[in-house]
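Reader: Please walk me through the labels on this model. I want the cut-offs behind each one.

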Amino acid sequence: MVRVLTWRLVYQLIGALAALVFGTLTARWLGPHDKGLVSLTALIAFMVSLIGALGVNESVAFLRNRRGFTAAEVHVGLAALTLGWGGALALATTVVLRLWGGRLWHTDFPLWLAVATGALVLLRLWFSLGKSQLLAEGRYGVVNTLDVGFVLVPLLLLFPLVHYRGHTVLAVTASTVLAALAVAAPLLPLTHAYRGVVHWTRLRTLAVETLRYSLLTFARVSGATLVYRVNVFIVGALLNLRNVGWYAVALMLSEALLKIPDAVTWLLAPRVARAEVGTVNSMTARYLRWTLLASFVLALGLAAVTPWLIPRLLTASYAPAVRPALLLLPGGLCACVYQLLSASLTGQGRVRDTLAPTWIGVVVMVVFNLYAIPRWGLTGAAVTASLTYALTAGLQTWSYCRATGAGVGELFLPQPVDGIVLRAGLRALRSHV
């Protein structure tokens, strides 16, 4: 377990650095307005593909480990969802952006950009669903490599495309779409072994079971993503794309905090799904305490360097992003709590206990942003986000304790096992020095 988590953290670090370099270069080359346009289209593709997944990607491990469906049955179901539903969503995204994008975000979307965004919807959905099956089958190393490739390959393609097309939105968008295709395509041979003869009656049963569980996970995941991202859409609608560019940079730096809980929850949910009931709370609490500690240390470092880093790394035109980035850091720590507790509940099959905290957070985020952004701009957006993350974390803690019987002290206060783990880790470190 420790080795798997360590490698996941290493891959997350590589991916985070690649994403940071990609975001930094595109911000410098494009300027705040075009950076805002690129960030907005990427976010649209991400949100639509997330909605298109219907939570199925979150439920595959549960269906395989707790419901006994075969790998071949899952594979056929995922392929049908990708081709049918994913294709329809890609087309719909293209049409909506082309016809109504200008009314929503104060800028016209050329046909090529609308088509590219639709293609990215389909590729992201294909990648997400295919990866979920590999993860359910325990192929952690392969999934780690694919995740890194999804952020590293765009960076590798960016340089030749910029050399050919210049520092343009077209070059950056092309690098993203081509990279998504290059990373998703290997899923075909990787999942080849899961193909087989599947009876229609089993597929129908799979569909019913999947929707019964995945629609709950869909409500949680889509709600959680809206909590983190809906203010970007509101900034674009109420302000302009320059502000979207500044806010995207602030998010890029502050959400470095989420790389640690992202790595931990990736492992925690399937482990909880397989664990004995009596060990789940202690396992969750241990992961939560150590994740919070590591994230707090990282937050201190980011708070120290951000005011110096942004103007020098991205030019003075991005100075308005400094204050939002700092104001988002406390919210990032609260988001760690929400992510780990909701992942644990999902792994236990208690998705319903994550819904109320999540969607209360969405409503509060939208209402507060509609009030704060017109009055205080990006500062209002960042403060609203951090307060909403804190509220969501508090509600999720209460919901977790009520559902599982765990105590708040058990979750957050140091326990004797922490000292044992720390001493073992130090001994292992000394043995390798």
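**Labels and their cut-offs**

Author: L91, V95, V96, L99, W100 and L104 make up a nonpolar surface patch, with about 550 Å² of accessible area together. This is a predicted model: local features need pLDDT of at least 70, side-chain atom pairs count only at pLDDT 80 or more, and totals for chains, interfaces and linings use all residues. Numbering runs from 1 along each chain as its sequence is written, and side-chain values use heavy atoms, without hydrogens and water.

Reader: What makes residues a nonpolar patch?

Author: Each has over 30% relative accessible area and no salt bridge, and nonpolar side chains (Val, Leu, Ile, Met, Phe, Trp, Tyr) are joined within 5 Å. A salt bridge is a side-chain nitrogen of Lys or Arg within 4 Å of a carboxyl oxygen of Asp or Glu. Areas come from the Shrake-Rupley method with a 1.4 Å probe.

Reader: Why is L91 called buried or exposed?

Author: Buried means under 20% relative accessible area, exposed over 50%, partly exposed in between (1.4 Å probe, protein chains only). L91 has 57%, so L91 counts as exposed. L91 lies in helix α3 (residues 71-105); a helix is a DSSP run of H or I, at least four residues.

Reader: And why does T397 get its label, buried or exposed?

Author: T397 has 9% relative accessibility, so T397 counts as buried. T397 belongs to helix α13 (residues 352-404). Beyond neighbours within four places in sequence, T397 is in contact with V337, L341, V408, L411 and F412. Contact means heavy atoms within 4.5 Å.

Note on methods:
Patches are made of residues with over 30% relative accessible area and no salt bridge: like charges are joined within 9 Å, nonpolar side chains (Val, Leu, Ile, Met, Phe, Trp, Tyr) within 5 Å. Helices (H or I, at least four residues) and strands (E, at least two) are DSSP runs, numbered from the N terminus.
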